[in-house]
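Biologist: Could you take me through one part of this model slowly, and then show me what lies around it? I have the sequence and the structure open beside me.

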Amino acid sequence: MIGAGKIKQYANVLDKPLSRGRQEVSLSAFAFLFSELVQYNQTRVDNIAELERRLEDAGYAVGARVLELLCHREKGNRRETRLLGILSFVHSTVWKVLFGKVADSLEKGTEHEDEYMISEKELLVNRFISIPKDMGTFNCGAFVAGIVKVRMGYDLAVFHWLFVTSISSNWPKLNKLLFLEKGVLDGAGFPAVVTAHFVPVEGQHRPRTTILIKFAEEVLQREARLG
Amino acid sequence: MAAIYSLFIINKSGGLIFYKDYGSAGRMDTNDSLRLASLWHSMHAISQQLSPTTGCSGIELLQADTFDLHCFQSLTGTKIFVVCEPSTLHMEGLLKVIYELYTDYVLKNPFYEMEMPIRCELFDVNLSQAIQKDRVPLLGR
């Protein structure tokens with residue numbers, strides 16, 4: 001018999017190596033799915049703040065999974081403990097995996113010590129969305145804010161089979177971003193309030209989107225103790 | 001260089017969902033535009049019945065002395081038609097580009113209700129860019 005490769009059968013699903021998954025997904029498919037997500041939530045809320053919270057919660061779930069996935073894939077199961085470390089992790093690694101590019105900029109807030117901002121010329125999730133005038137300052141980027149928040153939360157032990165069920169392994173790049181932001185911070189041990197804002201830029205028709213991260217008091221105290 | 005007078009988009013039931021005029025030659029008030037849209041919808045449907053050959057999908061081009069009317073119908077029944085100067089070239093291509101913009105910035109917008117008038121800022125912005133990119137000068141502006 002000519003040596004035909006035999007696929008190794010794993011008795012225990014936990015022993016199976018993690019696949020890299022498909023790296024790309026159709027933008028249109030995601031846009032329609034996200035649009036449906038927003039519409040679904042819109043029929044179940046009474047006001048805009050509630051809608052933002054729901055989008056944020058949706059992002060939270062994705063963020064938790066992405067944190068696990070990326071800690072294993074990209075960082076060799078190491079966990080960030082320093083503030084700047086986790087911020088640059090979100091800014092580059094998470095954004096790269098979710099959106100295919102690093103975020104446009106990471107800035108420290110000038111008025112308050114505990115504020116940081118990640119800006120993006122145009123969030124991928126907002127690309128096809130025109131907010132009607134009567135919705136005021138609502139931003140679908142709340143989804144992304146939710147993703148970041150989880151990132152800053154507490155690290156959990158990694159179970160490989162979680163990946164199989166996680167959204168991130170099925171929808172690489174696009175879906176992760178939004179939900180992930182809040183989920184990432186919470187999951188990593190840096191509780192924070194994360195929100196998405198439109199910042200008008202002169203000379204540009206569309207406003208820039210800024211994800212504002214406001215860390216909890218304990219994070220700053222811990223950071224000061226670590227020196 | 002030929003020019004566009006006006007652009008209409010009508011939904012599958014014949015209601016006008018988008019109307020834009022370019023210059024005074026194409027301008028008409030709201031009621032007239034609504035009437036014209038439903039008139040065109042009916043004519044388009046009737047022409048499908050009148051056709052001596054089977055498989056006719058409706059009027060694609062109407063040529064008159066002072067204007068041409070190019071119409072594009074999508075698979076879902078949404079019709080996009082443009083009234084322009086006689087013998088304007090590349091209108092079919094433009095209609096397809098507008099249809100693509102429609103699918104992108106209108107249909108993927110969660111705040112747009114199907115078959116309702118289009119009120120999407122991104123659609124308007126990209127539409128103007130598409131019209132200008134074709135280097136079709138806007139009459140009277």
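**A close look at one helix**

Modeller: Happy to. Helix α2 of chain B has 16 residues, 91-106, and at 1.5 Å a residue it should span 22 Å; its end C-alpha atoms are 21 Å apart, so the two values agree. The expected span here is 1.5 Å times one less than the number of residues. Helices (H or I, at least four residues) and strands (E, at least two) are DSSP runs, numbered from the N terminus.

A word on the ground rules before we go on. This is a predicted model, in which local features need pLDDT of at least 70 and side-chain atom pairs count only at pLDDT 80 or more, while totals for chains, interfaces and linings use all residues. Residues are numbered from 1 along each chain as its sequence is written, chains are lettered from A and ligands numbered from 1 in the order in which they are written, and side-chain values use heavy atoms, with hydrogens and water left out.

Now to the residues of α2(B) that are buried. They are B:Met91, B:Leu94, B:Leu95, B:Ile98, B:Leu101, B:Tyr102, B:Thr103, B:Asp104, B:Tyr105 and B:Val106. Buried means under 20% relative accessible area, exposed over 50%, and partly exposed in between (1.4 Å probe, protein chains only). The cover over these residues comes from both chains: it includes α1 (27-42) of chain A, and from chain B the strands β1 (4-10), β2 (16-21), β4 (68-73) and β5 (79-84) together with helix α3 (121-133).

One of the buried residues, B:Asp104, has a charged partner. B:Asp104 forms a salt bridge with B:Lys108, and the closest N and O atoms are 2.9 Å apart. A salt bridge is a side-chain nitrogen of Lys or Arg within 4 Å of a carboxyl oxygen of Asp or Glu. Side chains of opposite charge can pair when their charged atoms come close. B:Asp104 counts as buried because its relative accessibility is 19%, and B:Lys108 is buried too, at 3%.

For comparison, look at helix α1 (residues 30-50) of chain B, where B:Asp32 and B:Arg35 both lie, three residues apart, about one turn of the helix. Their side chains meet in a salt bridge of 3.0 Å, N to O. B:Asp32 is partly exposed at 34% relative accessibility, whereas B:Arg35 is exposed at 53%.

Back to α2(B) and its neighbour α3. B:Asn126 sits in helix α3 of chain B and is buried, with a relative accessible area of 17%. Apart from its neighbours within four places in sequence, B:Asn126 is in contact (heavy atoms within 4.5 Å) with B:Leu101 and B:Tyr105. Both of these partners are on the list of buried residues in α2(B).

The loops on either side of α2(B) are worth a glance as well. In the loop between β5 and α2 you will find B:Ser87, which has a positive phi of about 60° although it is not a glycine. B:Ser87 is exposed, with a relative accessible area of 60%. In the loop between α2 and α3 lies B:Glu115; its phi is also positive, about 65°, and it is not a glycine either. B:Glu115 counts as partly exposed, at 26% relative accessibility.

Since chain A helps to cover the helix, let us step out to the interface. The contact takes 20 residues from chain A and 12 residues from chain B. About 1,400 Å² is buried between the two chains, and carbon and sulfur atoms give 65% of that area. Buried area is the accessible area (1.4 Å probe) that two parts lose on being put together, summed over both. On the side of chain A that touches chain B, the residues divide into 10 nonpolar, seven polar and three charged. In this scheme Ala, Val, Leu, Ile, Met, Phe, Trp, Tyr, Cys and Pro count as nonpolar, Asp, Glu, Lys and Arg as charged, and the others, Gly among them, as polar. The rule finds zero salt bridges across the interface of chain A and chain B.

One residue of chain A shows the meeting of the chains nicely. A:Asn126 lies in the loop between β2 (115-120) and α4 (142-151) of chain A, and counts as buried at 4% relative accessibility. Leaving aside neighbours within four places in sequence, its contacts include A:Phe198, A:Arg206 and, from the other chain, B:Leu122.
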